[in-house]
Amino acid sequence: MTSSQGANAVNGVHYFSKGWSLISLPGIRRFVVLPLLVNIVLMGGAFWWLFAKLGDWIPAMMSKIPAWLSWLDYLLWPIAVLSVLLVFSYFFSTIANLIAAPFSGLLAEQLEARLTGKTQPDTGIWGIMKDLPRIMKREWQKLAYYIPRAIVLLVLYFIPGIGQTVAPVLWFLFSAWMLSIQYCDYLFDNHKVSFLDMRRSLGRHKVDNLQFGALVSLFTMIPVLNLVILPVAVCGATAMWVDRYRDLHVVDGHDISQTRRR
């Protein structure tokens, strides 16, 4: 674990890279298996289906380009492909995260104990089942935050010109922010830190969190690598929590923000 000063000297790229090494730690690997299997089944099947459909979808999208932008066809074609991959990969990674949430929370809990030198909690199936209502409630909070903003961005895709140029960039930035929220939130939720307080904390390091989320988003679009990205992102976010946020929210296992509200 780095010091707080050292943590401020690194960025989201560092924590994303760190996630790749943390998934192979002895004693942690067994907690990686279940979220990894969920991701392999969902993302593997989803991308196999997607690449079978791209040949029909992309020409249909390109037919919507106004005539005055036809000279940009060679640039807009890859943007159209990227747009489909962005929307599709985020949609299915959201489903994978929803299903794997209890196991991802367990992985985050065990890795946090390992990084902080604490005794790793002995959480079994009963412990996961007991926390399931709280975990699912938190996932719905994230969906409630995500859906209205995603609808606005998706509407932009149907505006000629904007839909092929500006909308993909905005969607990529939004996806990066949401993926940072998704993976960092396992740690905040484990310590009962509210969703609002979590967003405020992440917002103080927004550039670094966008870097982290952007890399997760990019790797989610890469076949084969996207199959292992879920546990890697959880591990990277756990390292970020330990370095940057844990001391701000947790003292002797108690959530400081809840204490302040009381």
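**Exercise 1. Is Ser-201 buried or exposed?**

Solution. Begin with the place: Ser-201 lies in helix α7, residues 195-203 (helices are DSSP runs of H or I with at least four residues, strands are runs of E with at least two, and both are numbered from the N terminus). Next, take the relative accessibility of Ser-201, which is 2%. Buried means under 20% relative accessible area, exposed over 50%, and partly exposed in between, with a 1.4 Å probe and protein chains only. Ser-201 therefore counts as buried. Finally, look at its surroundings: beyond neighbours within four places in sequence, Ser-201 is in contact with Phe-188, Tyr-245 and His-249 (contact means heavy atoms within 4.5 Å).

A word on the model: it is predicted, so local features need pLDDT of at least 70 and side-chain atom pairs count only at pLDDT 80 or more, while totals for chains, interfaces and linings use all residues. Residues are numbered from 1 along each chain as its sequence is written, and side-chain values use heavy atoms, leaving out hydrogens and water.

**Exercise 2. Describe the setting of Lys-142.**

Solution. First, find Lys-142 in helix α5, residues 125-156. Second, check its cover: Lys-142 counts as buried because its relative accessibility is 4%. Third, list its partners: leaving aside neighbours within four places in sequence, Lys-142 contacts Met-178, Ile-181, Gln-182, Asp-185 and Phe-195. Phe-195 is 53 residues apart from Lys-142 along the chain, yet their C-alpha atoms are separated by 8.1 Å. Fourth, add the side-chain link: a polar contact of 2.9 Å joins Lys-142 and Glu-139 (a pair of N or O atoms within 3.5 Å; within protein, one must be able to donate a hydrogen and the other to accept it, and residues adjacent in sequence count only if both atoms are side-chain atoms).

**Exercise 3. Place Ile-40 in its helix and say how exposed it is.**

Solution. Ile-40 belongs to helix α3, residues 29-62. With a relative accessible area of 35%, Ile-40 is partly exposed.

**Exercise 4. How many helices and strands does the protein chain have?**

Solution. Count the elements: there are 10 helices and two strands. Then read their order along the sequence: α-α-α-α-α-α-α-α-α-β-β-α. To finish, note that buried residues make up 48% of the 262 residues.

**Exercise 5. Where does pLDDT stay under 50?**

Solution. Start with the whole chain, which averages a pLDDT of 81, with 78% of the residues scoring at least 70 (pLDDT is the predictor's confidence in each residue, from 0 to 100). Then go to residues 258-262, where pLDDT stays under 50. Where pLDDT is low, the predicted coordinates should not be read in detail.
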